[in-house]
Amino acid sequence: MAQAAPTPSPIEEVDMGSDSNTVRATVVQASTVFYDTPATLDKAEKFIAEAAANGSQLVVFPEAFIGGYPRGSSFGVMIGSRSDKGKEDFQKYHASAIDVPGPEVDHLAAMAGKYKVYLVMGIIERAGYTLYCTILFFDDHGRYLGKHRKLMPTALERVIWGFGDGSTIPVYETPVGKIGGLICWENRMPLLRTALYGKGIEIYCAPTADARDVWQASMTHIALEGGCFVLSANQFCRRKDYPSPPDYFFGVDDDLAPEAVVCAGGSVIISPSGAVLTGPNYEGETLISADLDLGEIVKAKFDFDVVGHYSRPEVLSLFVKDHQLNPVTFSSETNKTESSEKSRQPLLKH
């Protein structure tokens, strides 16, 4: 089983002043302790504690940090068949995921409250027998605010993760700004980004698993397009951070050396003007931190407000179906809802 990494490395940070309109934010770049959720939670707390000790008010973790991003695994899937080994792998992966709500969510909320930070955490959510790639949001009083489920898993991710719906694309208005986020390649979906812009997002969190150079171009574009701060968090993983064969394979033949880098990070923080405040970092597990001057948002919007003066709703518009979709509805639930609605209606006097 993979072991927890040593104490996190020093924060890489940019200090932009101590104005009351400034928020210190930290992005965590680190690996999951794969197949060991308790150890991963312990590791998360070490990073949160260090970020808070350095004055951070907002801490953002990578995609699938709790539960793990199953890089390189095929789960034995071929068109028309699934292998027994792949099913066993999924069973172990399912066991590493967490329920929302659940004890791990309570634990994360307690961490946010203990260290007085707003926390954005990438997890694998277990909802019955289906898994979702999810972001959880917590406030600095230790309250769970809600979640975003990845709307569109990429490629083989669609085999192991369910699809989110429009009911989980929130933007939370907080004392440190309006916070929301999308996961990895759904950040490349223009209409989904526009839904967040329409909700007034100011601090745009982008947990990811993409360490390529082209990812940086997407993050810069979103910052400019949305007139918002973009905080992108990715894991930095080596082969040794995953279980050894035969418990875990990267592809059919896994001959990678233990120190081989399998995800190089690239975490970054970008301003609404498109300026890179800190990162991208490709060196290893670390924290990167910057002070976000929220006044920069106003300056950026003066140039370009994508859902304000630069919109043309008489020509182009977006309709978002933001209600929950249920595969099964029981008549008793429908009747209960109707009765509840009737009870709230005022009585008519004759």
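I will go through a helix, the spaces inside the fold, and a few backbone details of this structure, which is a predicted model.

Let me start with helix α3, which covers residues 103–115. With 13 residues at 1.5 Å a residue, α3 should span 18 Å, and since its end C-alpha atoms lie 19 Å apart, the model agrees with that expectation. As for its surroundings, the buried residues of α3 are Glu 104, Val 105, Leu 108, Ala 109, Met 111, Ala 112, Gly 113 and Tyr 115. When you look at that list, please keep in mind that an α-helix has 3.6 residues a turn, so residues three or four places apart point the same way. What covers these buried residues includes one helix, α1 (37–53), and the strands β6 (118–127), β7 (130–138) and β8 (144–149).

Now to the two sides of this helix along the chain. Ahead of α3, in the loop that links α2 (84–96) to α3, sits Pro 101, and the peptide bond that joins Val 100 to Pro 101 is cis, with omega about 0°. After α3 comes Lys 116, with a positive phi near 55°, and this lysine belongs to the loop between α3 and β6. Is Lys 116 buried or exposed? Its relative accessible area is 55%, and because the cut-off for exposed is over 50%, Lys 116 counts as exposed.

There are two further backbone details that I would like you to look at on the screen. Ala 155, in the loop between β8 and α4 (157–160), also has a positive phi, about 50°, although this residue is not a glycine. Ala 155 is likewise counted as exposed, at 52% relative accessibility. The other detail is a cis peptide bond from Gly 279 to Pro 280, where omega is near -5°, and here the proline is found in a strand, β16, which runs over residues 276–281. For background, most residues other than glycine have a negative phi, and most peptide bonds are trans.

Let me turn next to the enclosed spaces. Searching the whole structure gives three cavities of 30 Å³ or more, and the largest cavity has a volume of about 40 Å³. Which elements give two or more residues to the lining of that cavity? They are β6, β7 and β9 (171–174), with β6 providing the largest share, three residues. The residues that line this cavity are Tyr 118, Leu 119, Val 120, Phe 137, Phe 138, Leu 145, Tyr 172, Thr 174 and Ile 179. By class, eight of these are nonpolar and one is polar, and the lining holds no charged residues. Strands β6 and β7, then, appear twice in this account, as they are among the elements that cover the buried residues of α3 and also contribute to the lining of the largest cavity.

Finally, we come to the open spaces, where the largest pocket holds about 490 Å³. Its lining consists of 19 residues, and those nearest the centre of the pocket are Thr 194, Val 306, Leu 316, Ser 317 and Leu 318. Helix α5 (residues 190–198) gives the largest share of this lining, namely seven residues. In terms of class, the lining of the largest pocket is made up of twelve nonpolar, four polar and three charged residues, whereas the lining of the largest cavity has no charged residues.

Methods
Residues are numbered from 1 along each chain as its sequence is written. This is a predicted model: local features need pLDDT of at least 70, side-chain atom pairs count only at pLDDT 80 or more; totals for chains, interfaces and linings use all residues. Side-chain values use heavy atoms; hydrogens and water are left out. On a 1 Å grid over the protein atoms alone, a cavity is a set of points where a 1.4 Å probe fits but cannot get out, and a pocket is an open set with protein on both sides within 12 Å along at least five of seven lines; lining residues have an atom within 4 Å of a point. Grid points are joined across faces, edges and corners, and a volume is the space filled by probe spheres set on the points. Helices (H or I, at least four residues) and strands (E, at least two) are DSSP runs, numbered from the N terminus. Ala, Val, Leu, Ile, Met, Phe, Trp, Tyr, Cys and Pro count as nonpolar, Asp, Glu, Lys and Arg as charged, and the others, Gly among them, as polar. The expected span of a helix is 1.5 Å times one less than its number of residues. Buried means under 20% relative accessible area, exposed over 50%, partly exposed in between (1.4 Å probe, protein chains only). Contact means heavy atoms within 4.5 Å.
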